[in-house]
Amino acid sequence: MKPQLAAAVGSAVLTAATVLGAPAAGAQTAAYPTTPITGVSYGASYISGTLTWYNRSVGVDGELRAVGCRRAWVGAYDASGIRLGAKSTSTKCDVTYSLNDFPAVPADVPGGAAYVVVCLDDATASPLDCETFYRP
C-alpha cells in the first residue's frame with residue numbers, strides 16, 4: 001500500500017472511531033428515579049426519606065424516628081409480588097436514627113424492583129404501619 005493511501009485510510013479509521021465512540025452532543029447520564037417515603041408512621045414514630053430505584057437494587061436514605069423501640073424494614077418485590085430482597089435496622093429506642101447508611105435492598109432481576117414496601121415495626125419486628133411505593 002502506498003504511504004499516502006495508508007495515511008488516508010488510517011485517518012479515516014481514527015475519525016470513524018472517534019465519532020462512533022463519542023456520546024451525542026448534549027447527552028447526559030440520566031439520574032436514577034426517586035420516590036419520597038411518606039406516610040409511614042405510628043404515633044410519634046415515623047420513617048421518612050427517599051427511595052432511589054437502581055437497576056438491581058433500591059437505595060434508602062432518610063431517618064427513623066423511634067419513640068419507644070422501633071425498627072425500619074424495607075422489602076423489594078417484582079411485578080408478580082415475589083420478594084426479591086429485604087433489609088432491616090436493628091431495634092432503635094427513643095432516638096432519631098439516620099438511614100443514610102442503610103444497605104441497598106437487593107432486587108437482582110432485569111429492571112429491578114417493581115415496588116417496595118416500607119414498614120415501621122415494633123421491637124419484636126411486628127409491623128405497626130406499612131406503605132407500598134411503586135417504581136416511577
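Let me start with the largest nonpolar core, which in this predicted model has 20 residues, and in which Ile37, Ile47, Leu51, Val60, Val116 and Val118 are the residues with the most contacts inside the core. Four strands each supply at least two residues of this core, namely S1 (34-42), S2 (45-53), S3 and S7 (115-122), and of these S3 gives the most, with six residues. As a general remark, nonpolar side chains in soluble globular proteins tend to be buried together.

Two members of that core deserve a closer look, and I will take Ile37 to begin with. If we leave aside the neighbours within four places in sequence, Ile37 is in contact with Ile47, Ser48, Gly49, Thr50 and Leu51, and also with Val60, Asp61, Val118 and Phe133. Apart from this core lies another one, of five residues, and among them are Trp73, Tyr77, Tyr115 and Val117.

The other member is Val116, which has its place in strand S7. Is Val116 buried or exposed? Val116 counts as buried, because its relative accessibility is 0%, and the cut-off for that word is under 20% relative accessible area. Again leaving aside the neighbours within four places in sequence, its contacts include Leu51, Trp53 and Val58, then Val74, Gly75 and Ala76, and finally Glu131, Thr132 and Phe133. Val116 also stands 7.9 Å from Arg135, C-alpha to C-alpha, although 19 residues separate the two in sequence.

Let me turn now to the disulfides, of which a search of the whole structure finds two. With bonded cysteines counted along the chain, they follow the pattern 1-2, 3-4.

One of them joins Cys69 to Cys93, with an S to S distance of 2.0 Å. This pair links distant parts of the chain, given that Cys69 is in strand S3 and Cys93 in strand S5 (residues 92-98), 24 residues apart. The torsion about the S-S bond of Cys69 and Cys93 is about 110°, and the disulfide is therefore right-handed. As for accessibility, Cys69 is partly exposed, with a relative accessible area of 28%, and Cys93 is likewise partly exposed, at 38%.

The other disulfide joins Cys119 to Cys130, where the S to S distance is 2.0 Å. Here, too, distant parts of the chain are linked, with Cys119 in strand S7 and Cys130 in strand S8 (residues 127-134), 11 residues apart. About the S-S bond of Cys119 and Cys130 the torsion is about 110°, so this disulfide is right-handed. Cys119 is buried, with a relative accessible area of 5%, whereas Cys130 is partly exposed, with a value of 33%.

I would like to finish with Asp78, which lies in the loop between strand S3 (57-77) and strand S4 (83-88). Which side chain of opposite charge is nearest to Asp78, and how far away is it? That side chain is Arg83, 11 Å away, and Asp78, although buried, has no salt bridge. What the side chain of Asp78 does reach is the backbone nitrogen of Ile82, at 2.9 Å. Not counting residues up to four places away in sequence, Asp78 touches Leu84, Ala114 and Tyr115, and Tyr115, as you may recall, is among the residues of the five-residue core.

Notes:
Residues numbered from 1 in each chain as written. Predicted model: local features only at pLDDT ≥ 70, side-chain atom pairs only at ≥ 80, totals over all residues. Heavy atoms only, no water. Buried < 20%, exposed > 50% of the residue type's maximum accessible area, 1.4 Å probe, protein only. Lys, Arg positive; Asp, Glu negative; His and termini not counted. Salt bridge = Lys/Arg side-chain N within 4 Å of Asp/Glu carboxyl O. Polar contact = N/O pair within 3.5 Å; in protein donor to acceptor, adjacent residues only side chain to side chain. Contact = heavy atoms within 4.5 Å. Core = buried A, V, L, I, M, F, W, Y, C linked by side-chain atoms within 4.5 Å. Disulfide = S-S within 2.5 Å.
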